[in-house]
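User: I would like to learn how to read a structural model step by step. Could you take me through it, giving the general idea before each case?

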Amino acid sequence: MRWQRKDLLALEPLTRDEINLILDTAVPMKDIIRRDIKKVPTLRGRTVINLFYEPSTRTRTSFELAGKYMGADTVNIAASGSSVVKGETLKDTAKTIQVMGADVVILRHGMAGAPKILAETVTSRVINAGDGTHEHPTQALLDLFTIRESKGSIAGLTVTIVGDILHSRVARSNIWGLTKLGAKVRLVAPPTLMPPGIEQLGAEVFYRPEEALAGSDVVMALRIQKERQQKGLFPSLREYAKIYGINQERLALAKDGCLLLHPGPINRGIELSNTVADSIQSRINEQVTNGVAVRMAILFLLMGGGKGETIN
């Protein structure tokens with residue numbers, strides 16, 4: 001099949017075939033990353049703009065490297081250093097970028113739906129790099145790629161997501177992606193960090209990690225945003241780590257060979273113990289590498305790739 005969409009805004013509307021097309025395209029992209037000279041001319045002459053209204057290291061750098069490895073010209077714009085501080089709106093900023101010749105705008109924004117508004121405003125292609133608590137589609141795609149690469153298939157697996165489900169765009173995108181590819185998804189969190197009605201997306205809800213972890217093929221821990229601790233959503237980080245933190249004893253409840261994932265950055269000693277974060281079950285570093293490969297695949301497909309072209 002060929003990629004038909006102008007933008008990549010979320011996993012919710014994507015079909016299973018579209019998700020698999022991205023994952024399949026990322027396989028040869030990862031081979032490029034492994035080379036001594038990590039560059040192909042596929043997107044030479046194309047311009048990619050990283051427009052980030054929120055701080056980011058992994059996602060922004062991953063997109064930047066993905067563009068550079070494909071031969072594109074990449075530019076990074078942070079809201080704090082742009083005309084946004086002078087009162088310019090998102091739409092006006094985007095239109096300015098577009099008339100400068102941007103082919104793709106990659107947007108991270110604190111407001112859910114901002115990438116959709118942008119995509120409807122500009123003719124440039126738009127990629128959602130995380131919008132509010134809505135979705136983070138490229139993070140979920142790299143998680144799917146990492147799981148499929150290690151397990152061979154996603155269908156039939158049980159994936160347990162542990163942590164701040166309430167505020168997590170990563171969790172929402174993963175629920176859509178994993179269930180579309182046939183996995184069972186379990187969610188576990190303190191009641192105050194579990195959004196009401198989340199089970200309607202097709203996931204099982206647990207409040208005790210021991211119950212959720214039993215028989216899991218994959219455990220995905222989410223970052224606890226320390227600033228939210230001030231809002232009294234749980235008594236203390238120490239208590240959260242004691243009850244919900246993933247350590248050797250809890251990870252042992254999962255299946256033998258269970259994978260451990262985390263979107264990073266890790267709060268060591270809170271979401272994960274040092275021992276499990278650095279264990280052979282951890283695929284956290286592999287997730288970072290796979291993130292570049294998946295974003296290369298997305299840039300390739302959105303800019304007209306996949307029409308019989310060969311990546312070499």
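**Reading exposure, fold and pairing**

Analyst: M100 counts as exposed, because its relative accessibility is 69% and the cut-off for exposed is over 50%. Please keep in mind throughout that this is a predicted model.

User: Where does M100 lie in the chain?

Analyst: To place a residue, one looks for the elements on either side. M100 belongs to the loop between α3 (90-99) and β3 (104-109). Sequence distance and spatial distance are then read together: M100 and T47 are 53 residues apart along the chain, while their C-alpha atoms are separated by 9.5 Å.

User: Is V288 buried, partly exposed or exposed?

Analyst: The reading again rests on relative accessible area, where buried means under 20%, exposed means over 50%, and partly exposed lies in between. V288 has 44%, and it is therefore partly exposed. V288 sits in helix α11, which covers residues 284-302, and its C-alpha atom is 10.0 Å from that of H262, a residue 26 positions away in sequence.

User: How many residues of strand β1 are buried, and with which strand does β1 pair?

Analyst: For a strand, one asks about its cover and then about its partner. Strand β1 (residues 47-52) is mostly covered, since five of its six residues are buried. Its pairing with strand β2 (residues 73-78) runs in the parallel sense over six bridges, and within that pairing N50 stands opposite N76 of β2.

User: How does the radius of gyration of the protein chain agree with that of a compact globule?

Analyst: The idea is to compare the value with the one expected for a compact globule of that length. For 312 residues the expected radius of gyration is near 20 Å, and the protein chain has 19 Å, which agrees. The C-alpha trace spans about 55 × 45 × 35 Å along its principal axes, and the secondary structure comes to 11 helices and nine strands.

User: What share of the residues is buried, and what share of the contacts joins residues at least 24 apart?

Analyst: Burial and contact range are two separate readings of the whole chain. Buried residues make up 54% of the 312 residues. Among contacts between residues at least 6 apart in sequence, 73% join residues at least 24 apart.

User: What can be read from the surface and the charges of the protein chain?

Analyst: For the surface, one reads the exposed area together with the atoms that supply it: the protein chain exposes about 13,500 Å², of which carbon and sulfur atoms supply 49%. For the charges, one compares mean positions, and those of the 40 positive and 32 negative charges are 3 Å apart.

Conventions: Residues are numbered from 1 along each chain as its sequence is written. This is a predicted model: local features need pLDDT of at least 70, side-chain atom pairs count only at pLDDT 80 or more; totals for chains, interfaces and linings use all residues. Side-chain values use heavy atoms; hydrogens and water are left out. Helices (H or I, at least four residues) and strands (E, at least two) are DSSP runs, numbered from the N terminus. The radius of gyration is taken over C-alpha atoms; the globule rule is 2.2 Å times the number of residues to the power 0.38. Buried means under 20% relative accessible area, exposed over 50%, partly exposed in between (1.4 Å probe, protein chains only). Contact means heavy atoms within 4.5 Å. Accessible areas come from the Shrake-Rupley method with a 1.4 Å probe; for residues, only the protein chains shown count as cover. Lys and Arg count as positive and Asp and Glu as negative; His and the chain ends are not counted. The place of a charge is taken as NZ of Lys, CZ of Arg, CG of Asp or CD of Glu. Two strands pair if DSSP finds at least two bridges between them.
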